[in-house]
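Let's take a friendly walk through this structure together. Keep the sequence and the 3D view side by side as you read.

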Amino acid sequence: MTTGFGAAGMLTPLVIGDVLGALDSVGVPIPQLLQMADNIAFIALAAIGLTIIFGMMGVINLAHGEFIMMGAYITTLSVNVASIPLPVAMLLGALGTAVFGAIVERTIVRRLYGRLLDSMIVTFGLGLILTQGTRIIFGNSLQSIGTPFGNVPGYTYSGYRVLLLFAAIAVLGAVYLVFTRTEFGVQARATIQDPETARAMGVDTDRMYTITFAIGSGLAGLTGALYAPSATIVPGMGQSFLVESFVTVVTGGSSVLLGTALAGGILGTINAIFSNLYGNFIGQIALLITAIIVIRLLPDGLTGLAATIREKIGERQ
Amino acid sequence: MSENRISRRSVLATGAAGVGAALAGCSGGGGGGSEGDTIKIGVLEDQSGNFSLVGTPKWRASKLAIEEINDNGGIMGQQIELFDPDPQSDNQRYQQLTERLIQQEEVDALWAGYSSATREAIRPIIDREDQLYFYTTQYEGGVADKNVYCMGPTARQQLGSVVPYMIENFGTDIYTIAADYNFGQLSADWVKVIAQENGASVNNEEFIPLSNQSFGSTISNIQEADPDFVMAILVGNNHSSFWNQRTSAGLEIPMGTSTVMAQGYQHKRLDAPALKDVYGGFNYMEEIPTDRNEDYVSRYYDRWPDAGYANEESINNYFSIYMYKKAVEEAGTTDQEAVKEVLNGGMEITGDRSPEGDISLQGPVHHMTHNMRVMKCDAEHNITVEDQRRIPEQFLSETVGIDLSGPDSELEEQFTPTEYYDAAGE
Amino acid sequence: MTDGRLPSRLDGIARKLNGPNTLGNSKAFWLAFAVGMVGMIAYPLVRGSYAAGQTSLFLVYGLLALSLSLIWGYTGILSFGQVAFFGIAGYTYAIVSLNLGGAFGQTVALPVAVGVATLAAFVLGYFMFYGGVKNVYVAILTLVVTLVLETFMAQTAGSEWAIGSVQLGGFNGIPGIRNFALGVEGASFSLSGSGFYWFVLTLLLVAYLGSRILVNSRFGYTLVAIREDAERTTMLGYNVKRVKLAVFTLSGALAGLSGVLYATWGNYMDPSVFTIVFATIPIVWVTLGGRESLLGGIVGTIIIERLRLWFSVNASEFAIVFVGVILMTTVLLVPRGILPGIRDGYVFFSEHGIRKGIERGRGTIQTRIQARLESVGVGGSETETPPSSEAVRE
């Protein structure tokens with residue numbers, strides 16, 4: 001296994017193995033727990049790029065799946081053609097997609113702010129071009145790269161898929177820090193809340209939009225990069241992330257971070273439980289039905305609920 | 001809004017745009033097909049969309065066969081003219097293009113479609129027009145239609161080669177995982193039927209939606225049940241993720257299949273050892289070590305240097321175009337009823353025309369007797385032939401008892417095993 | 001526009017057809033429309049039955065586009081799930097007509113299928129609008145419902161999934177749906193080729209004119225008011241929820257009618273009508289054609305579907321790339337859609353005269369190029385700014 005993750009990467013599964021052993025001894029159903037971690041990671045990572053672009057900029061990016069595909073392609077090609085170590089290749093996948101996102105924002109999306117639905121059509125068209133263009137240039141599939149790390153010690157479960165949960169948490173944490181603790185984050189949020197005032201205060205709002213869009217695209221690319229060693233690399237692969245990502249975005253509501261984390265957690269858990277009990281089909285239906293119920297009961301998504309609760313607690317105090 | 005200011009010309013333009021759009025673009029209806037000095041063949045295979053991975057080799061092999069025939073003087077001195085628009089893995093598009101090829105181009109024979117859903121989508125049109133149609137994918141079996149010739153092996157033929165081999169070598173406790181749609185469910189039924197015939201039993205069965213690509217719980221369930229072997233009837237790009245996940249999860253149980261490797265060449269696309277100890281029942285893989293096949297494979301890659309693989313169904317397109325040539329020559333005409341008449345009498349396909357080895361058409365049921373092989377993939381993803389037998393189509397010919405060349409010559413049906421076997425459908 | 005020379009009843013209808021909510025109210029428009037209709041009616045006679053058969057599919061899709069124009073273009077509610085009602089009606093038609101059999105069965109199946117689709121739209125609409133679901137959430141919710149249907153229908157392959165004698169067929173769908181027929185046993189006529197074309201054309205014409213009357217009525221004004229400002233419309237005393245529900249149900253019925261015709265066109269129904277790709281296509285038709293124009297959606301449908309077919313025949317693997325390029329450029333260059341674009345272009349030239357119009361156009365282009373250069377280069381330009389996410393949700 002040529003992973004290049006080094007000793008630290010190899011240590012982590014061992015630690016996980018110990019922890020799981022301890023949990024197992026107190027009667028926690030471990031396979032179900034692993035499945036849950038896998039699903040939560042998938043749903044959160046599938047959604048994060050889309051959430052940023054939609055939540056912060058009000059653009060529905062129907063090419064989101066193709067951005068994910070692009071990240072996976074750059075990663076896979078870097079490993080296969082240029083023999084770049086996997087972690088570096090993943091970084092390249094994320095960066096390459098971010099650069100592409102910046103170009104798309106500058107040339108196309110910029111003209112469509114405030115035209116939510118037109119942005120859907122344009123990005124749908126972009127998605128068609130990206131999928132088919134990839135097919136024309138690189139053929140119907142790429143040689144995939146193997147999954148690193150092997151199984152979770154003691155369990156028949158891919159260790160890599162479980163580690164992705166930690167990747168998802170790290171990504172959400174990083175996004176939180178970038179948007180709350182950095183100069184850029186403050187300016188970006190100011191731009192989104194009140195562009196006029198922000199501009200008057202000397203913020204280069206154009207740049208903020210470009211960077212925000214690039215970050216959203218880059219995170220989609222990163223998702224593709226992270227799943228590249230575990231999925232089959234075909235031009236249409238982004239489609240399989242699309243449904244989960246949209247469902248998560250609306251279920252989560254307007255707050256980028258809290259929404260994705262909450263929705264990812266709840267939907268992933270429900271999906272895992274129902275898949276285990278009644279099979280994959282029921283698991284999928286349960287996921288979709290949950291989304292419908294949440295949207296119906298909480299028109300502002302889970303974030304809206306969280307905000308309401310916070311307000312109520314505030315009132316009592 | 002100020003529509004009232006608009007006057008005549010704008011509005012004429014508007015109206016004309018609508019009519020123009022409706023009328024433009026459909027060139028030359030009616031007519032056509034009257035030249036008589038070419039034979040027209042329609043090939044609808046997916047070069048884009050979900051099925052392009054498996055559809056493109058079919059298109060390439062068809063084109064190779066037609067070019068070879070044309071270079072060698074055509075059919076009865078007539079060159080073949082090929083119509084091959086891209087149906088984009090879209091069933092509505094298939095319907096439109098099938099209508100077009102039949103009505104406007106007036107093709108003499110049609111090859112079309114990868115999935116069974118596509119075949120069922122266009123079969124009403126085929127039957128309405130009595131169009132000679134070759135369906136070349138390996139499929140669930142049971143189609144008995146006066147106009148349809150099924151060139152691929154059926155699930156019973158494929159599973160009939162691999163399941164008995166697996167039972168003999170690994171044991172009688174079977175776990176089936178199958179794609180949750182028609183083909184997967186019927187294939188799972190056939191596994192049960194064949195298992196029962198060979199003294200084994202399917203003790204677990206799990207159906208997996210086509211959109212599923214996370215196999216964690218499936219893999220845990222298999223490990224827990226610890227069967228002697230798994231029959232994995234997985235289909236499509238999402239399901240290909242299973243093999244990487246299985247390997248990294250450390251699941252070492254041998255697996256049989258009828259749908260992996262020979263069609264989507266996963267052993268070439270996935271990093272070894274993802275397909276270690278996978279056994280498939282197929283009529284063809286490009287690795288078959290015969291002179292005849294090696295010669296074919298080199299012709300194929302000479303023509304298509306960028307090709308990824310010569311898959312199982314591509315070879316069915318290849319030999320069936322030669323079979324059509326032979327039938328036309330025997331009939332002495334391209335008249336479709338006359339050609340069907342010849343085909344209904346059965347036919348042997350031998351020599352270079354059939355890279356998989358000599359095979360024959362079972363005229364009365366419109367299916368092929370194939371050379372079915374058990375192919376094994378090892379840890380380095382090398383393919384070896386473990387077993388080889390000629391297996392005829394049995395379900396329609398023996399169990400149901402169909403004769404499309406005689407009493408059933410007007411049939412347009414698909415039969416399923418549930419009605420004929422107790423083991424199926426339980 | 002009426003000048004008193006028309007008989008009073010015709011005059012009344014004309015009054016109802018015209019109004020500020022539709023594009024094209026002048027006599028010239030109706031003249032052009034009539035010429036267009038004559039062309040459409042004569043089409044099968046000129047091009048033959050096969051061409052008519054192919055084109056009738058585009059007209060069927062045109063009905064679907066019209067249903068979306070009503071709910072989205074006029075009421076401002078983006079339904080991503082029109083194909084759900086389309087598919088429900090198609091499946092219902094297949095099940096009912098194949099169970100009953102014969103021409104009578106098919107005649108009965110049409111209203112039943114449209115009825116089931118209408119009911120489905122009513123239930124979903126009630127659930128959404130009386131539950132406070134709004135804006136982009138309506139779009140996603142309708143999409144999710146469509147995807148649930150896809151997931152569900154795709155796994156109904158087993159023999160236990162049958163209604164009466166009809167197997168639902170899972171991924172492979174229901175084959176063998178008969179061509180539409182009217183009448184009872186012994187006294188019926190079956191519609192195919194040109195006959196089916198005229199039948200669909202008539203339905204489309206009736207639906208179009210009916211929709212025109214609707215949107216130019218008091219009800220239509222309420223729809224537009226809701227689109228422009230739902231809050232204010234509520235304050236003015238309108239029952240916005242009820243109006244939304246009514247128009248959603250109506251557009252579900254139209255989509256259902258389209259679905260029935262689709263099932264009889266291809267003699268086949270399968271779950272691919274519930275996929276995200278097929279769900280997106282009607283939105284593309286209506287956006288490109290012009291969503292605030294009833295005719296726009298229909299014209300957009302016909303143009304795009306013709307192009308898609310033409311490309312798939314003539315451009316092999318580049319077909320999809322071209323379609324993508326066309327979608328992007330049209331939205332960027334003609335933001336309001338093709339028909340309103342033509343209208344705007346004409347208004348512009350008729351106001352300013354051809355020469356002045358061209359001069360002004362040149363001026364505008366120069367200013368725009370300058371603006372673009374600045375925005376890419378030195379900066380300091382005033383590009384359009386996105387609204388905050390709250391604004392999007394209003």
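**A patch on the surface**

A:Ile273, A:Phe274, A:Leu277, A:Tyr278 and A:Ile282 make up a nonpolar surface patch, together offering about 460 Å² of accessible area. This is a predicted model, in which local features need pLDDT of at least 70 and side-chain atom pairs count only at pLDDT 80 or more, while totals for chains, interfaces and linings use all residues. Residues are numbered from 1 along each chain as its sequence is written, chains are lettered from A and ligands numbered from 1 in the order in which they are written, and side-chain values use heavy atoms, with hydrogens and water left out.

Patch residues have over 30% relative accessible area and no salt bridge, and nonpolar side chains (Val, Leu, Ile, Met, Phe, Trp, Tyr) are joined within 5 Å, like charges within 9 Å. Areas come from the Shrake-Rupley method with a 1.4 Å probe, and for residues only the protein chains shown count as cover.

Helix α11 of chain A (residues 256-278) gives the most to this patch, four residues. Helices are DSSP runs (H or I, at least four residues), as are strands (E, at least two), numbered from the N terminus. A:Ile273 lies in α11 of chain A, and this residue counts as partly exposed because its relative accessibility is 37% (buried is under 20%, exposed over 50%, partly exposed in between, with a 1.4 Å probe and protein chains only).

Now turn to where the chains meet. Here 34 residues of chain B are in contact with 34 residues of chain A, meaning heavy atoms within 4.5 Å. Between chain B and chain A, the count of salt bridges is zero (a side-chain nitrogen of Lys or Arg within 4 Å of a carboxyl oxygen of Asp or Glu). On the side of chain B that touches chain A, α8(B) has the largest share, with eight residues.
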